[in-house]
Amino acid sequence: QIFQPLHTLRAAEKELLPGFHQFEWQPALKNVSASYSVGIINGLSGWASSVDDSPADTITRRFRYDVALVSALKDLEEDIMEGLRESGMEDSACTSGFSVMIKECCDGMGDVSEKHGGGPVVPEKAVRFSFTVMSVSVLADDKVEEVTIFTEPKPNSELSCKPLCLMFVDESDHETLTAVLGPIVAERNAMKESRLILSIGGLPRSFRFHFRGTGYDEKMVREMEGLEASGSTYICTLCDSSRAEASQNMVLHSVTRSHEENLERYEIWRTNPFSESAEELRDRVKGVSAKPFMETQPTLDALHCDIGNATEFYKIFQDEIGEVYQKVNPSREERRSWRAALDKQLRKKMKLKPVMRMNGNYARRLMTQEAVDAVCELVPSEERRETLRELMRLYLQMKPVWRATCPAKECPDQLCRYSFNSQRFADLLSSTFKYRYNGKITNYLHKTLAHVPEIIERDGSIGAWASEGNESANKLFRRFRKMNARQSKAFELEDVLK
């Protein structure tokens, strides 16, 4: 199979890639060519190649969005037909009224440079944009209720997460990022206004797509939605609360931000219609100071939520070991010694090696009752130890709610008690730990306490919409790039995209 002439391999690859299925859009997509046999394209197609020094044709490769979606639907063809049969919708009855829910993820990856080879080390960063078909439902002509005929059973597996675009861009380089994602946004907007006609199970059927950009970490959401960076006083990407307000009132906030509102606020920021001072203006637009570029769905990113909260607990543990609540200004050395004591204890009792940056696995091991028990051995006061234990108990009650793919099924009791638990958790923080939460609170802790129930009521789940699938596919990207890619830049991204 392997030692075939290049053109045969090419032909075989072509059949397996998106772009092999016939389809059409009604009405035709604006500014998107109607040809359906398009494989991998240069992500900067249509841009003049003057992007910095690297030849522009090596920066990015992507599929055309509609072609990739068609390919993903064709992969699900059997599941869709199966779903139709199970819900007793006869084949011929259902040709229109299908709607498809798409989760979009986009994430920057740090160092992906070649590990061998001489020469200077270039800080090579990549960004991956991918999508997952979350569900397909159908509204039969005579029915009122939509029937869901396919639901992705593993929405966070890298297998259900289809890469759409790979780019060698730093996610902080807003200009290049928006230049590369621009065409994707344009195609996505065009598809919202149109229906796809595609043959599934031998009959042409019509699909509408709904896009929900939920697989972004906070940094990316802020960048896409024109908000200030995450150190801003406007702490939340879901509500207008400031850091000080969020630390006073930890629980009672509701989700108010939206893409449309951000666009309106940007216009106010740009035009300053009331001729206010910079401070007043900033307060009026609540920290929206750039043009929102891509619509994201205001939600909470479960993976980074875990990591953010674990980082916070790690710091609380240090402070409790050093009894900061009694001290005024502990010196740097003191703090360092508490941290060393904590690391040593965690290594001994939990076999947890200290990490440079908190990662998902460390966070999962740290946020356990065993870890708290280990830490409590170093905490002098019995009363404080009890409070720490209760804090962790509450946290472990809350966590499944925003981790579960379907909390109503998987942890109904915790879901019911969530608001109660988060209120109690907030009370503990603002009383026993008020030395840490006086006028400040971390972004993810605020979201965990204030917004989880509302998001779940709206979407049914937080975990299912998280960015994990994309994150785990990042690992694959690294591996393919090292092992399996033909070693020329132009090919490399194509191979990895396949």
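**Exercise 1. Find which side chains E382 pairs with, and work out how the partners sit in their helix.**

Step 1: the side chains of E382 and R385 form a salt bridge, 2.9 Å from N to O. A salt bridge here is a side-chain nitrogen of Lys or Arg within 4 Å of a carboxyl oxygen of Asp or Glu. In general, side chains with opposite charge can pair when their charged atoms come close.

Step 2: E382 and R385 are three residues apart in helix 13, so about one helical turn separates them. Helices (H or I, at least four residues) and strands (E, at least two) are DSSP runs, numbered from the N terminus.

Step 3: E382 is partly exposed, at 45% relative accessible area. The scale goes like this: buried is under 20%, exposed is over 50%, and partly exposed is in between (1.4 Å probe, protein chains only).

Before you go on, a word about the model: it is predicted, so local features need pLDDT of at least 70 and side-chain atom pairs count only at pLDDT 80 or more, while totals for chains, interfaces and linings use all residues. Residues are numbered from 1 along each chain as its sequence is written, and side-chain values use heavy atoms, with hydrogens and water left out.

**Exercise 2. Work out which parts the R188 and E104 salt bridge ties together.**

Step 1: check the pair. The side chains of R188 and E104 meet in a salt bridge at 2.8 Å, N to O.

Step 2: place both ends. R188 belongs to helix 4 (residues 174-192) and E104 to strand 4 (residues 98-109), so the bridge ties together parts 84 residues apart in sequence.

Step 3: look at the surroundings. R188 and E104 are both buried.

**Exercise 3. Describe where T132 sits and what its side chain reaches.**

Step 1: T132 is in strand 5 (residues 126-138).

Step 2: with 0% relative accessibility, T132 counts as buried.

Step 3: the T132 side chain reaches the backbone oxygen of S160 at 3.3 Å. Ignoring neighbours within four places in sequence, T132 has contacts (heavy atoms within 4.5 Å) that include M101, E152, P155 and C161.

**Exercise 4. Decide whether helix 16 is largely enclosed or not, and find what covers it.**

Step 1: eight of the eight residues of helix 16 (residues 443-450) are buried, so the rest of the structure largely encloses this helix.

Step 2: the cover over these buried residues includes helix 5 (218-224), helix 9 (302-321) and helix 17 (452-459).

How values were computed:
Polar contact = N/O pair within 3.5 Å; in protein donor to acceptor, adjacent residues only side chain to side chain.
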